[in-house]
Amino acid sequence: MRTVEARRRGVRISSSRQARVGWLDSLRGVAILLVVLLHASEALRMAVGPTPGIDQLNLFLEPFRMPVLMFLSGVLLPRSVAKRARTYFAGKVSLVAWPYLLWSLIILAATEGLSAGAVAQIVYFSPTYLWYLWFILVFYAAAYPLRRVPAVAVAGAGLAASLVLPDGGRLQMMAFLAAFFFFGAWCVQHAGLVERMISRPWVPVLAGTAAVTVGALNVAGRDVLYRGEFVWGVVGALGVVCWLFPRLGANRATAALEFVGRHSIVFYVVHLGPIMGVLALADAAGVAGTWLLPALLAVGVGAPLGLAWMYSTRKHASVNLLFELPALKRRPMATTAPAAGRSGA
């Protein structure tokens, strides 16, 4: 009875190829907004010094932000790999590789780093803050030939690799995050089992305790970031948010977060430029201070929000081209799906 009730309220992870679950987009929206908060506060700290309270919050959330985003990307993987190879790879080139390449060039040009070496790094190392897109391109490229291998096996291999690779290296980080990408795919493929586990009262309590422990260790200075031996805390955080977000219901706040989540790539690639621009103006005027954080957040969210709205209307070809290659992949307009939010590409 509890499971049936939960499904009616949308407490599920959909494995449908046609529908996106609204609360997953809401969760993605929150994760992206936390990335904006991180970058705004980091930029301010470099300019004027620490921001008490916010710096500790960012440290507490640091072990969870990117693994949650990787998990959410992996949730969409089974629907993607069910497509023909040509359709699959065309979609990834259009909606991930293209904005990654274009915005990497824009960022390098804006920071006067547009050299031959930096352009070459776009392909193999990601010289800007867009490394997340580079990672998921690698994961998507590997996922299609591995589509018949159980996702849990690939996730396990990634986690095992993260335990033996050199600490703090790019490869260790990639292996750790790959584990969550493929774990997201496994959760979709075994949605019923995941739902039953989350519905048990002791699971959110145990998961919350694990997450708080790892977050507190990071604040205290313990090296927990992307380390396989602390994976239990990150899984705990996933358990908490997967229990909490479906229970938030449908309202204006969750609808706004869903919009951010569905257009997360816009917020991810655009937000830092306006933040740095406002900070530079304030610094030049001699008025920069920790009080500036709300203004940085306003432009860091507001500028991509305007572009995301224009992009969502599909009426501005120049804006569309900033985030996809329409010739390769025409992204359908979102339509409502019963009890599951909106459909997407």
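How many salt bridges does a search of the whole structure find? The search returns 7 salt bridges. The structure is a predicted model, and the report below treats its overall make-up, selected salt bridges, nonpolar cores and largest pocket in turn.

**Overall make-up**

The chain has 345 residues, of which 49% count as buried. Its secondary structure amounts to 18 helices and 2 strands. When contacts between residues at least 6 apart in sequence are considered, 75% of them join residues at least 24 apart.

**Salt bridges**

Three of the pairs are set out here, with the separation of their N and O atoms.

| Basic residue | Acidic residue | N to O distance |
|---|---|---|
| Arginine 45 | Aspartate 55 | 3.8 Å |
| Arginine 227 | Glutamate 229 | 2.7 Å |
| Arginine 314 | Glutamate 324 | 3.2 Å |

The side chains of arginine 45 and aspartate 55 form a salt bridge. Arginine 45 belongs to helix α2 (residues 22-48) and aspartate 55 to helix α3 (residues 54-61), so this pair ties together parts that are 10 residues apart in sequence. Arginine 45 is partly exposed, with 36% relative accessibility, whereas aspartate 55 is buried at 12%.

Glutamate 324 is joined to arginine 314 by a salt bridge. This pair links distant parts of the chain, 10 residues apart: glutamate 324 is in the loop between α18 (317-323) and β1 (336-337), and arginine 314 is in the loop between α17 (293-313) and α18. Glutamate 324 has a relative accessible area of 0% and therefore counts as buried, the limit being under 20%. Arginine 314, at 26%, is partly exposed.

Salt bridges with shared partners also connect Asp167, Asp223, Arg227 and Glu229 in one network. Within that network, arginine 227 and glutamate 229 form a salt bridge. Arginine 227 is buried, with a relative accessible area of 15%, while glutamate 229 is partly exposed at 37%.

**Nonpolar cores**

The largest nonpolar core contains 82 residues. Leu77, Tyr132, Leu133, Phe135, Phe139, Leu177 and Val269 have the most contacts inside this core. Helix α10 (residues 170-189) gives the most to the core, contributing 12 residues.

Which residues does valine 269 touch, not counting those up to four places away in sequence? Its partners are Trp103, Tyr129, Leu130, Leu133 and Phe323. One of these partners, Leu133, is itself listed with valine 269 among the residues with the most contacts inside the largest core.

Apart from the largest core lies another core, of 10 residues. Its members include Val36, Ala40, Ala282 and Leu292.

**Largest pocket**

The volume of the largest pocket is about 440 Å³. Its lining comprises 20 residues, and Phe183, Met197, Val203, Val235 and Gly239 lie nearest the centre of the pocket.

Helices α10, α11 (191-198), α12 (202-219) and α13 (231-244) each provide at least two lining residues. Of the elements that line the pocket, α13 supplies the largest share, 6 residues. Helix α10 thus appears in two settings: α10 gives the most to the largest nonpolar core, and α10 also supplies at least two residues of the pocket lining.

How is the lining of the largest pocket divided by class? The lining has 18 nonpolar residues and 2 polar residues, with no charged residues.

Technical notes. Residues numbered from 1 in each chain as written. Predicted model: local features only at pLDDT ≥ 70, side-chain atom pairs only at ≥ 80, totals over all residues. Heavy atoms only, no water. Salt bridge = Lys/Arg side-chain N within 4 Å of Asp/Glu carboxyl O. Helix = DSSP H or I, 4+ residues; strand = E, 2+ residues; numbered from the N terminus. Buried < 20%, exposed > 50% of the residue type's maximum accessible area, 1.4 Å probe, protein only. Core = buried A, V, L, I, M, F, W, Y, C linked by side-chain atoms within 4.5 Å. Contact = heavy atoms within 4.5 Å. 1 Å grid on protein atoms, 1.4 Å probe; cavity = no way out; pocket = protein on both sides within 12 Å on 5 of 7 lines; lining within 4 Å. Points joined across faces, edges and corners; volume = space filled by probe spheres on them. Nonpolar A, V, L, I, M, F, W, Y, C, P; charged D, E, K, R; others polar.
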